[in-house]
Amino acid sequence: MKLNRLYSFLKADIEEIEKELEVAIQSDSSLLQEASLHLLQAGGKRIRPVFVLLSAKYGDYDINVVKHAAVSLELMHMASLVHDDVIDDAELRRGKPTIKAQWDNRVAMYTGDYIFARALEYMTHIRVPEAHRILSHTLVELCKGEIAQIQDKYRYDQHLRDYLLRIKRKTALLIAVSCQLGAISSGAPEEVHKRLFNFGYNVGMSYQIIDDILDLTSTEEELGKPAGSDLWQGNITLPVLYAMDDPEVKEKIIRVREESSLGEIQAVIEAIRGTDAIERSYALSKRYLDRALEDLDHLPANKVKRTLKNIANYIGKRKY
């Protein structure tokens with residue numbers, strides 16, 4: 001089953017978000033607008049706006065209010081991808097040339113900055129001070145996560161806690177606040193939006209772990225970028241950490257550099273697959289997923305709760 005079938009009852013509102021995203025990236029600068037539209041048209045799961053809309057159903061749902069939070073959070077995610085591609089010197093994103101590949105690093109960096117700024121503008125429509133405090137904190141943590149990833153490249157003595165803190169900041173928090181700010185923007189009770197934050201955090205951790213597994217188990221066609229990209233760029237992901245428990249595999253991993261050939265990378269990937277690293281990574285992802293489902297147990301039983309549960313289970317089992 002495709003992900004979007006799980007929330008097909010939101011189809012009209014998702015289309016409204018998509019239209020609003022196009023409006024949000026309008027600019028007097030034709031270059032900024034073209035570069036931003038290039039990324040938008042590459043597509044994406046739009047999972048953050050979906051979580052905003054679903055969570056908002058626990059309060060006084062009004063798409064004309066909630067859409068501003070949904071657009072803001074998706075723009076932040078998009079902006080972070082633009083900057084990531086510059087840092088990683090990535091040529092492909094979702095199977096299409098990245099902004100830095102289509103233009104250059106300078107255009108990409110300022111496009112990312114522009115999209116971030118537009119995200120902040122959109123959040124001003126949500127007139128709840130707590131929402132802005134939460135969003136500001138999330139941005140600070142996101143930046144810390146990005147810096148940590150740069151510092152941790154090719155650092156093979158890091159620990160599991162380093163990895164978990166990094167993915168919390170880079171991925172899980174933005175998904176968590178998508179759930180929380182959706183509820184806050186509709187006036188849902190504090191107990192509900194805190195539960196939704198915890199749900200989103202645990203789903204986000206599971207989501208990123210699955211991403212890191214797929215980087216080593218999927219094809220370039222499925223990923224929309226070369227398989228093993230994280231390994232190639234020196235990003236120490238969970239399966240790599242686990243695989244380094246095997247001294248022979250660790251020796252192969254620590255020889256990987258950006259100038260390594262495709263064949264060399266593939267050989268290291270095969271060595272990692274030959275350990276129990278993938279299985280252990282799936283097990284940790286499931287632990288986070290189970291926690292997310294436990295968080296949902298405390299929320300009222302309704303269509304939204306069932307949908308959140310189905311999405312969480314889909315994320316834990318996805319293949320791309």
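This tour moves through the nonpolar cores of a predicted model, then to a pocket and a cavity.

Begin by selecting Phe51, Leu75, Leu181, Phe199, Leu308 and Ile311, which are the residues with the most contacts inside the largest nonpolar core, a set of 70 residues. Add helix 4, residues 63–87, to the selection, since the largest share of this core, twelve residues, comes from that helix. Then centre the view on Leu308 and display its neighbours: leaving aside residues up to four places away in sequence, Leu308 touches Phe51, Leu54, Tyr58, Leu196, Phe199 and Leu296. A second core, separate from the one just shown, has 32 residues, and selecting Tyr163, Leu231, Ile253 and Ile269 will bring some of its members into view.

Next, turn to the second largest pocket, whose volume is about 180 Å³. To outline this pocket, select Ser80, His83, Asp84, Ile87, Met109, Phe116, Leu142, Cys143, Glu146, Ile147 and Ile150. Helix 4, helix 6 (105–123) and helix 7 (129–151) each give two or more residues to the lining, and helix 7 gives the most, with five residues. Colouring the lining by residue class will show seven nonpolar, two polar and two charged residues.

Finish at the one cavity of 30 Å³ or more that the structure holds, a space of about 70 Å³. Select His38, Leu39, Ala42, Val82, Asp85, Arg93, Lys96, Pro97, Thr98, Ile99, Lys100 and Ala108 to see what lines this cavity. Two or more of the lining residues come from each of helix 2 (30–40), helix 4, strand 2 (96–97) and helix 5 (99–102), and by class the lining divides into six nonpolar, two polar and four charged residues.

Terms used
Residues numbered from 1 in each chain as written. Predicted model: local features only at pLDDT ≥ 70, side-chain atom pairs only at ≥ 80, totals over all residues. Heavy atoms only, no water. Core = buried A, V, L, I, M, F, W, Y, C linked by side-chain atoms within 4.5 Å. Buried < 20%, exposed > 50% of the residue type's maximum accessible area, 1.4 Å probe, protein only. Helix = DSSP H or I, 4+ residues; strand = E, 2+ residues; numbered from the N terminus. Contact = heavy atoms within 4.5 Å. 1 Å grid on protein atoms, 1.4 Å probe; cavity = no way out; pocket = protein on both sides within 12 Å on 5 of 7 lines; lining within 4 Å. Points joined across faces, edges and corners; volume = space filled by probe spheres on them. Nonpolar A, V, L, I, M, F, W, Y, C, P; charged D, E, K, R; others polar.
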